Structures are given as structure tokens and as C-alpha cells.
Amino acid sequence: MSHLQISKHISADFLAEIEKDFESILVQRNASLQNRVEKSKFYRLLNLSGLLLSGLGLLLSLLAATMSFDQPKQMAHFALFALSFGLGVVVFAYQKRIFSRLSALRIRLTNRISKWMAHRMLAGAKQAAPYVAEYDVRCTSVMYYRTKGDTTKLAWTKSINGRRMKGNGFSLFFKNETTVYPHLLILHDASPGWDAHLEELGIKRLLKGQEGNT
């Protein structure tokens, strides 16, 4: 495997630009995760279990309430339990309709989470900018240095693995096709040597907006 060195000047403007790209990628991957969860057998089983348990709780609460006519306080408590379980029955029985009505809220929540994740990814780089990012790539190992003025500091050492998503000025690496949050970020300009090195390692590429394709 070849030894490769990559360097790129990192400015605040560049980071602000790619942060929007990161946010867009994370929104798509978070939305895909939600869709997979909702279509999974586990989710359907969980929903059915919740419906059955809520129904059972409702029946038991109503039965207990009818047996407590001579004790108003206990009857009120059981009635409150019955109301809570009844609400659970409604939620689990009509969860698809309820979630569809709350779709706008879910989208806003997904966007906020994705924005926070994108900000977190670049927090260290924003603090250090402007600087020069330098990567010493040896086989699957990457040593990342930040050079500012006459000072060069080692930021981290990580391994290249998983799946790659290429953007304008960066490469993101995910553990697999469905992972939401990347475990490795490389900031770089167009580099045929970098692309060739990844092909040599057998790192498959994910396409934006087409999660699961390589």
C-alpha cells in the first residue's frame, strides 16, 4: 500500500460551506433511519405489544374502578389509570395517522438533530481555523495534523474503513451503508492519488441521496 500525504488550507468560510453539505447528508440519513425503524418487524411487534398491554391495562383499571364504588378515592385513582391506558390504546391503534399529522414536527426535529450533528462534526476545526490540515496516510492509518503559523500539532490518528461518501472538499466515512453518523472526516481538495488509494483499499463509495448503494 502507498504512502500518501494530503494538505488543505482550512478557512472559516470553507467550513461554513461544507457544514451545509453535512447537514443535508445527515438529514437524509436520519430520515432513512426513521423509515427503516418504522418498517421493521421489531417496530410492528413493539406497537402490537403496546396496544395489547394498553388494552389489558384499560380493562383491569375499569374492572377495579367498578369494584371500588364504595371507596371514591380509590375509584378516582383507577379511573385515572383507565384514562391513561385508554389514551395508550388510541395512540398505538392510530399511531400511523397520528404520526402523519405530526410529520411537520418530525421533519423539524430531524433537521435540528442533523444540524446539531453537523455542528458537532466541525466544532474542533472551527475553533482552530484558519489553519492547514495535513494528513499522513499509511495504508489504512491516517495521522491528522493541524498547522497554524509555525506550530504543528497532532489532532488524531484513526483508521480508514467502512463506506465513503465524497463531497466537494471532503470525504466522510461511515461504518456501513446505514450508519447515520460518520466516524471519520477528511478535508481535502480533488486528489486522484487519494481516490486511487481508497480504491486500492477496497473502500466502497456511497452516493448522496442513495443510501445503501455503493
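Student: How many bridges join β1 to β2, and which way do these strands run relative to each other?

Tutor: When you look at a pair of strands, ask how many bridges link them and how their directions compare. In this predicted model, β1 and β2 run antiparallel and are joined by eight bridges. To place one position of that pairing, find I10, which stands opposite Y131 in β2.

Student: How many bridges join β2 to β3, and which residues do these strands cover?

Tutor: Strand β2 takes in residues 131-138 and strand β3 residues 141-148, and seven bridges join the two, which run antiparallel. Within this pairing, V132 stands opposite T147 in β3, while Y135 has Y144 of β3 as its bridge partner. Between the two strands of this hairpin there are two residues, and C139 takes a positive phi near 55°.

Student: What is the order of the strands in the sheet, and is the sheet open or closed?

Tutor: To read a sheet as a whole, go from strand to strand by pairing and then look for its edges. Here four strands form an open sheet in the order β1-β2-β3-β4, with antiparallel pairing. The edge strands, each pairing on one side only, are β1 (3-10) and β4 (151-159). From one strand to the next, the twist averages 20°.

Student: Which strands does helix α5 lie across, and at what angle does α5 run to β3?

Tutor: Helix α5, made of residues 103-128, lies across β2 and β3, and its direction is at about 35° to β3.

Student: How do the axes of α1 and α5 cross, and how close do they come?

Tutor: For two helices, consider the approach of their axes, then the angle, and then the handedness. The axes of α5 and helix α1 (residues 12-39) come within 8 Å and cross at roughly 135°. Because angles over 145 degrees count as roughly antiparallel and those from 65 to 115 as roughly perpendicular, α1 is oblique to α5. The crossing of the two helices, α1 and α5, is right-handed. As for the residues of the contact of α1 with α5, they divide into 12 nonpolar, six polar and six charged.

Student: Is S54 buried or exposed, and which residues does S54 touch?

Tutor: For a single residue, begin with its place in the chain and then turn to its surroundings. S54 is found in helix α2, which covers residues 41-66. Its relative accessible area is 8%, and since buried means under 20%, S54 is buried. Leaving aside residues up to four places away in sequence, S54 touches F85, G88, V89 and F92.

How values were computed:
Residues numbered from 1 in each chain as written. Predicted model: local features only at pLDDT ≥ 70, side-chain atom pairs only at ≥ 80, totals over all residues. Heavy atoms only, no water. Pairing = 2+ DSSP bridges. Axes fitted to C-alpha atoms, helices over the stretch in contact; angles between N-to-C directions. Contact = heavy atoms within 4.5 Å. Parallel < 35°, antiparallel > 145°, perpendicular 65-115°, else oblique. Left-handed = near helix turned anticlockwise from the far one by under 90°. Nonpolar A, V, L, I, M, F, W, Y, C, P; charged D, E, K, R; others polar. Buried < 20%, exposed > 50% of the residue type's maximum accessible area, 1.4 Å probe, protein only.
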